[in-house]
Amino acid sequence: NDIGEVAWYEGYKVGWVGRSDRFNGSIHPVGTKAPNELGIYDMSGNVHEWCSDRYGDYNSDVQTNPTGSVEGSDRVLRGGEWSSHNAKECRVSRRSLDRPDSRFYPYGFRVVLLP
């Protein structure tokens, strides 16, 4: 996909060089951009996705849905958010971390409803 069509992030603003609106409530309602190639809205950009995985090295064996480290207290954050500088920072595979008691506003989580 064209990242500008599916994700809110700083880089979508053509020619934008300042950061004056970075802390101006730039989280957008889900579904205001196009869905990605899997038909899922807002998997890139908008907010970092909180994960229950502990941050650490993954086992090098081939795995499906790895759960991260069994030690440590920091939790995984996936993807980018509205203040990410470029498309690379918005990749779903991008991992960062924070303490589980952190309450930084560009963090969110995904609720999945099964039929």
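## A histidine in the first strand

Let's start with one contact: a polar atom of the His 48 side chain lies 2.9 Å from the backbone oxygen of Gly 79. Please keep in mind that this is a predicted model. His 48 belongs to strand 1, which covers residues 48-54.

Is His 48 buried or exposed? His 48 has a relative accessible area of 7%, and because the cut-off for buried is under 20%, His 48 counts as buried. Beyond its neighbours within four places in sequence, His 48 is in contact with a set of residues that includes Leu 77, Arg 78, Gly 79, Gly 80 and Glu 81. Also among the contacts of His 48 are Arg 94, Ser 96, Pro 106, Tyr 107 and Gly 108.

## How the sheet is put together

Now for the sheet itself. Its 4 strands are arranged in the order 3-2-1-4, forming an open sheet with mixed pairing. Strand 3 (95-98) and strand 4 are at the edges with a single partner strand each, so one side of each has no neighbour in the sheet.

Strands of a sheet pair through backbone hydrogen bonds, in either a parallel or an antiparallel sense. Here, strand 1 pairs with strand 4 (residues 107-108) in the parallel sense, over 2 bridges. His 48 takes part, with Tyr 107 as its bridge partner in strand 4. Strand 1 also pairs with strand 2 (residues 75-78), this time in the antiparallel sense and again over 2 bridges; there, Trp 50 has Leu 77 as its bridge partner. Strand 2 and strand 3 run antiparallel and are joined by 4 bridges, with Arg 95 of strand 3 as the bridge partner of Arg 78.

## Aromatic rings and a charge

How many aromatic pairs does a search of the whole structure find? The search finds 1. The pair consists of Trp 50 and Tyr 107, set edge-to-face with 5.0 Å from centre to centre and 85° between the planes. Trp 50 is in strand 1 and Tyr 107 in strand 4, so the pair links distant parts of the chain, 57 residues apart. Tyr 107 is buried, at 17% relative accessibility.

Another ring has a charge for company: the charged end of Arg 95 sits over the ring of Tyr 55, 4.5 Å from the ring centre.

Key. Residues numbered from 1 in each chain as written. Predicted model: local features only at pLDDT ≥ 70, side-chain atom pairs only at ≥ 80, totals over all residues. Heavy atoms only, no water. Pairing = 2+ DSSP bridges. Buried < 20%, exposed > 50% of the residue type's maximum accessible area, 1.4 Å probe, protein only. Polar contact = N/O pair within 3.5 Å; in protein donor to acceptor, adjacent residues only side chain to side chain. Contact = heavy atoms within 4.5 Å. Phe/Tyr/Trp six-rings, centres within 6.5 Å; stacked < 30°, edge-to-face > 60°. Lys NZ or Arg CZ within 6 Å of the ring centre and 35° of its normal.
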